[in-house]
Amino acid sequence: QRKVVKCTGSGAANLRDAGGNPAVARIGAEKAAKLDALRNCMEALKGVQLESGKTVGGELASDPRLTGQVQGLVKGFKVVGAPRYFSDGGVELDVEVPLEGAMSDALLPKPEKKEEPAVEPKKTKSEAPVGTSLVVDARGQKLVPALATRILDEQGKEVYGPATLGEKGRKAGGTVAYASGLDAAQAAMKDRLGEKPFVVKAVRAQGSDLVISTADAATITSGDAAFLADARVVVLAD
């Protein structure tokens, strides 16, 4: 829910290499703890579900350039809380890597470029806004939380997903935010939900994707749902 990867790094003191100086040994232990945290955060990030059947680790294994980009972002982790120092000179650090911002933009699948048709057919849409955000109630469904969760209609057509996102939405830490209930979401994500969220019930879950009714999908696609580009979508899950 907080859109972070949290890890711990440990470093041992080496008095021999520090010439017997405890202060120097502690500095070395802190550096070792940060390197350990970097390794642990990369491993934790690899286990994050990207979309159905795909993990971040799988994408990194097939794309060395993306691996380098993600490693650079993970190096910018934030130390949270106070370091823990031990009597033997060892150090432990808790760190967090935000999934929002550049990390989200890097990991989310890029939309495929499509050739524009010579004459684009006009689409008739209602001028009425659907709401200020979309809330999908998936409680009771066996949903696999993921960064690139999609919303489909009952025929399998994509209503919302990474391809829907604009620049701001790609940096929101994934296509959806997760909450345990609407009250919790409104308390923690007021800015994301706005004053009038459009709430729909998930018909079923397909891995990390959610299926909504054809009627609800039609309401979203035929009305003004500009909020989708900003990833103003919240999933209620158990």
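Mentor: Before we look, a quick key: Ala, Val, Leu, Ile, Met, Phe, Trp, Tyr, Cys and Pro count as nonpolar, Asp, Glu, Lys and Arg as charged, and the others, Gly among them, as polar. This is a predicted model, where local features need pLDDT of at least 70 and side-chain atom pairs pLDDT 80 or more, while totals for chains, interfaces and linings use all residues. Residues are numbered from 1 along each chain as its sequence is written, and side-chain values use heavy atoms, without hydrogens and water.

Trainee: How do the residues lining the second largest pocket divide into nonpolar, polar and charged?

Mentor: A pocket is an open set of points on a 1 Å grid over the protein atoms alone, where a 1.4 Å probe fits, with protein on both sides within 12 Å along at least five of seven lines; lining residues have an atom within 4 Å of a point. Here the split is seven nonpolar, one polar and six charged. D63, L66, A106, L108 and K110 lie nearest the centre.

Trainee: Which element gives the largest share of that lining?

Mentor: Helices (H or I, at least four residues) and strands (E, at least two) are DSSP runs, numbered from the N terminus. Helix α4 gives four residues, the largest share.

Trainee: In what order do the strands of the open sheet come?

Mentor: Strands pair if DSSP finds at least two bridges between them. The order is β1-β5-β4, with antiparallel pairing. The edge strands, β1 (4–11) and β4 (78–85), each pair on one side only. Five bridges join β4 to β5 (residues 91–98), and V80 has D94 as its bridge partner.
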